[in-house]
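Here are some exercises to work through with the structure open beside you. Try each task before you read its solution, and take your time.

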Amino acid sequence: MLLQLPYLAVSSVFAVIRLLPMSAVNKDIEILTLRHQLAVLQRQIDRPRITQADRAFLAALLQRLPRPTRRQLHLIVSPDTVLRWHRDLMRRRHADASRLKRSGRPPTRRSIRALVLRLARENSSWEYRRIHGELALLGIKVAPSTVWEILRAHRIEPAPERDRLTWAVFLRGQAHTILACDFFTATTLNGATLYVFAVIEHTSRRIRVLGATAHPTADWVTEAARNVVMDLQDAGATVRHLIRDRDSNFTRTFDAVFEAEGIEVVTTGIRVPRMNSIMERWVQVCRREEQCSGLVDRPSGWDAEGVPSRLIL
């Protein structure tokens with residue numbers, strides 16, 4: 001179409017030049033001849049095939065003629081069709097003029113990018129979602145992914161963790177106030193399975209084995225919790241946190257004993273044994289070393305159910 005339309009325009013210019021020296025009578029005779037030939041062709045062809053270049057050329061030629069004059073012309077298409085061609089031509093022209101020069105989303109404003117970088121530098125612990133939330137409070141609509149890309153482009157970590165208090169740092173900093181407990185099973189020499197309940201002090205790694213039983217009921221676990229509290233009071237230990245897992249043996253009354261003394265009960269996450277890693281490591285040692293088998297073999301001082309009297313290792 002790009003070559004056909006200029007060819008039609010140039011050939012029409014030469015045709016106009018050829019008609020200039022002709023008289024009005026000769027022009028009328030030629031017009032009548034062409035009309036008759038057009039009528040003959042219309043009788044033989046039901047629907048002529050018109051290209052896009054032909055449509056544009058005819059629409060450009062006929063747009064200056066008034067509508068009554070166009071309706072008197074013998075065209076191969078109706079005047080309404082020519083008007084539709086002209087509307088389509090103007091619509092494509094306006095569509096091309098209003099089309100974006102580049103594809104994709106528009107670039108982020110420079111002021112928003114500067115604000116994102118300023119928030120990230122002045123608040124080093126904020127991640128990209130926190131910055132996105134602060135922008136939303138200011139009425140700035142921007143996607144979280146856009147904030148992430150801005151930070152990454154300027155070599156700033158989108159989710160920094162250098163200033164965040166990790167669980168390992170918390171355990172080291174608060175070791176003198178943390179107590180951890182856990183149940184683990186052990187098999188005696190006669191084949192019986194016992195549930196051993198023990199606690200460990202993070203600051204001194206002192207182990208307190210509170211008892212072993214084949215049936216750890218809620219009353220038994222609650223009584224063991226009271227024994228731990230009394231031992232801590234006698235030793236003058238300052239405990240503020242108790243770490244335990246989500247075992248069903250730890251009932252609500254078990255937690256109430258510690259909460260009454262101002263000790264916060266911290267439950268580990270689901271399938272996150274590292275939250276109670278110190279206690280888990282000691283349990284692993286007990287299962288591996290020979291002294292664990294001697295511990296559960298009911299030495300002297302244990303009753304029939306295997307409950308020792310406040311054994312401290």
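## Exercise 1: A residue in a helix

Asp-255 is found in helix H11. Keep in mind that this is a predicted model.

**Task.** Decide whether Asp-255 is buried or exposed, and find which residues Asp-255 touches, not counting residues up to four places away in sequence.

**Solution.**
- Step 1: Begin with the accessible area. The cut-off for buried is under 20% relative accessible area. Asp-255 has a relative accessible area of 8%, so Asp-255 is buried.
- Step 2: Now look for contacts. Leaving out residues up to four places away in sequence, Asp-255 touches Arg-244 and Val-265.
- Step 3: Add a distance. Val-266 is eleven residues from Asp-255 in sequence, and their C-alpha atoms are 9.7 Å apart in space.

## Exercise 2: The buried face of H11

**Task.** List the buried residues of H11, then work out what they pack against.

**Solution.**
- Step 1: Besides Asp-255, the buried residues of H11 are Phe-254, Val-257 and Phe-258.
- Step 2: Look down the helix axis. The buried residues of H11 fall within an arc of 150 degrees, so they line one face of the helix.
- Step 3: Turn to what lies against them. The buried residues of H11 pack against S1, S2, H10, S4 and strand S5 (264-267).

## Exercise 3: Strands side by side

**Task.** For S1, S2, S4 and S5, find which strands run parallel and which antiparallel.

**Solution.**
- Step 1: Start with strand S1 (residues 178-187). Eight of its ten residues are buried, so the strand is mostly covered.
- Step 2: Follow S1 to strand S2 (residues 193-201). Nine bridges join the two, and they run antiparallel. Thr-187 stands opposite Thr-193 in S2.
- Step 3: Look at the turn. The hairpin of S1 and S2 has five residues between the strands, and there Gly-191 takes a positive phi near 90 degrees.
- Step 4: Go to strand S4 (residues 241-244). Three bridges join S4 to S1, and these strands run parallel. The bridge partner of Ala-180 is Ile-243 in S4.
- Step 5: Finish with S5. S4 and S5 are joined by four bridges and run parallel. Arg-244 stands opposite Thr-267 in S5.
- Step 6: Check the cover on S4. His-241 and Ile-243 are buried on one side, Leu-242 and Arg-244 on the other, and both faces are covered.

## Exercise 4: Two nonpolar cores

**Task.** Which residues have the most contacts inside the largest nonpolar core, and which helix supplies the largest share of this core?

**Solution.**
- Step 1: The largest nonpolar core has 21 residues, and Phe-197, Leu-242, Phe-254 and Phe-258 have the most contacts inside it.
- Step 2: Sort the core by element. At least two of its residues come from each of S1, S2, helix H10 (218-235) and helix H11 (252-259). H10 gives the largest share, seven residues.
- Step 3: Zoom in on Phe-197. Not counting residues up to four places away in sequence, the residues Phe-197 touches include Cys-181, Phe-183, Trp-220, Phe-250 and Phe-254.
- Step 4: A second, separate core has 17 residues, among them Ala-198, Ile-200, Trp-282 and Val-283.
- Step 5: Trace Trp-282 and Val-283 to helix H12 (residues 277-288), where the buried residues are Met-279, Trp-282, Val-283 and Cys-286. They sit on the same side of H12 because they cover an arc of only 100 degrees around the axis.
- Step 6: Check the length of H12. The helix has twelve residues and reaches 16 Å from its first C-alpha to its last, close to the 16 Å expected at 1.5 Å a residue.

## Exercise 5: Positive phi in two arginines

**Task.** Where do Arg-155 and Arg-205 lie, and is each exposed or buried?

**Solution.**
- Step 1: Arg-155 is in the loop between helix H8 (144-153) and helix H9 (167-173). Phi of Arg-155 is near 60 degrees, a positive value in a residue other than glycine.
- Step 2: With a relative accessible area of 83%, Arg-155 is exposed.
- Step 3: Arg-205 lies in the loop between S2 and strand S3 (207-213). The phi of Arg-205 is also positive, near 60 degrees.
- Step 4: Arg-205 is partly exposed, with a relative accessible area of 45%.

How values were computed: Residues numbered from 1 in each chain as written. Predicted model: local features only at pLDDT ≥ 70, side-chain atom pairs only at ≥ 80, totals over all residues. Heavy atoms only, no water. Buried < 20%, exposed > 50% of the residue type's maximum accessible area, 1.4 Å probe, protein only. Pairing = 2+ DSSP bridges. Expected span 1.5 Å × (residues − 1). Arc of directions from axis to C-beta. Core = buried A, V, L, I, M, F, W, Y, C linked by side-chain atoms within 4.5 Å. Contact = heavy atoms within 4.5 Å.
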